[in-house]
Amino acid sequence: REQTVLSQFTQAAAESIARLEQNVAESALLRASEQLAQARMVYIAGQGRAEPVVTYLHYTLVKLGVQSVILSGMHHSMADKARMLRTDDVLLAISFSPYTANTRELVDICLLNKIKVVALTDSTLSPIARADDLHLEVLEEEVSGFRGLSATMCLALCLAVETGRVRAELDEKLNV
């Protein structure tokens, strides 16, 4: 019996989420969350398939009281915006194969200017996963040439909630 589209995609999502739980170390998630929580401002960038993740991360971080801004626009305006980031800011970059040039360039500019980068990507070989940044790897199963965002959204939510928790602890220490 042939699988339905719904069963194919739900099975792919389940496999992707199971892989996420096995492959992402809690310590790496915590380090990334701490870096984001300590930032004056979190700038979030990603295009194409990453755009829904960018929007969801921004929404969740703001809801948790973490100041964040989405970096968007045309190639040159994004690069100009990236040059305005300060060393107490963090770029949260999201990109998956075939890796958008804008996001790669933003990461390059930030690292060159000593701005911390947290990357969500699909491979340690990704051009935004560098030795001088923190990166979390999430790989989605493919169905008929399409990769969903189930595991990616799960990871984004975990990252945002953990960042909010760490930020609340930091704020509490400052107010004591």
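## Thr121 in strand E4

Thr121 is found in strand E4. The model discussed here is predicted. Thr121 has a relative accessibility of 0% and therefore counts as buried, since the term applies to values under 20%.

The side chain of Thr121 reaches the backbone oxygen of Ser95 at 2.8 Å. Leaving aside neighbours within four places in sequence, Thr121 is also in contact with other residues, among them Phe96, Tyr99, Ser126 and Ile128. Ala129, Leu136, Glu137 and Val138 are included in this set of contacts as well.

## Strand E3 and its partners

Ser95, which was named above as a partner of Thr121, belongs to one of the two sets of side chains on strand E3. Strand E3 covers residues 90–95, and 6 of its 6 residues are buried. Val90, Leu92 and Ile94 point one way, whereas Leu91, Ala93 and Ser95 point the other way. In a regular strand the side chains alternate between the two faces of the sheet.

Strand E3 is joined to strand E4 (residues 116–121) by 6 bridges, and the two strands run parallel. Within this pairing, Val90 stands opposite Lys116 in E4. The chain passes from E3 to E4 through helix H5 (residues 101–112), and this β-α-β crossover is right-handed. Strand E3 is also joined to strand E1 (residues 42–45), by 4 bridges and again in parallel. Here Tyr43 stands opposite Leu91 in E3.

## Strand E1 and strand E2

In strand E1, Val42 and Ile44 point one way and Tyr43 and Ala45 the other way, and all are buried. Strand E1 pairs with strand E2 (residues 68–70) in the parallel sense over 3 bridges. Ile44 stands opposite Ile70 in E2. A right-handed β-α-β unit is made by E1, H3 and E2.

## The nonpolar cores

How many residues does the largest nonpolar core have? This core has 30 residues, and those with the most contacts inside it are Leu57, Leu92, Ile94 and Leu136. The elements that give two or more residues to this core are helix H2 (26–37), E1, H3, E3, E4, strand E5 (134–137) and helix H6 (150–175). The largest share, 5 residues, comes from H6.

Ile94 illustrates the contacts of one core residue. Not counting residues up to four places away in sequence, Ile94 touches Ile44, Ala45, Gly46, Gln47, Ala50, Val53, Val54, Leu57, Thr103, Leu120 and Ile128. A second, separate core has 19 residues, including Met78, Ile109, Leu111 and Ile128. Ile128 is thus a member of the second core and a contact of both Ile94 and Thr121.

## Confidence in the model

The protein chain averages a pLDDT of 92, and 98% of the residues score at least 70. Which elements have the lowest and the highest mean pLDDT? The lowest value, 76, belongs to helix H4 (residues 75–82), and the highest, 97, belongs to helix H3 (residues 51–63). Where pLDDT is low, the predicted coordinates should not be read in detail.

How values were computed
Residues are numbered from 1 along each chain as its sequence is written. This is a predicted model: local features need pLDDT of at least 70, side-chain atom pairs count only at pLDDT 80 or more; totals for chains, interfaces and linings use all residues. Side-chain values use heavy atoms; hydrogens and water are left out. Buried means under 20% relative accessible area, exposed over 50%, partly exposed in between (1.4 Å probe, protein chains only). Two strands pair if DSSP finds at least two bridges between them. A crossover is right-handed if, with the strands pointing away from the viewer, the path from the first strand over the helix to the second runs clockwise. pLDDT is the predictor's confidence in each residue, from 0 to 100. A nonpolar core is a set of buried Ala, Val, Leu, Ile, Met, Phe, Trp, Tyr and Cys residues joined through side-chain atoms within 4.5 Å. Contact means heavy atoms within 4.5 Å. A polar contact is a pair of N or O atoms within 3.5 Å; within protein, one must be able to donate a hydrogen and the other to accept it, and residues adjacent in sequence count only if both atoms are side-chain atoms.
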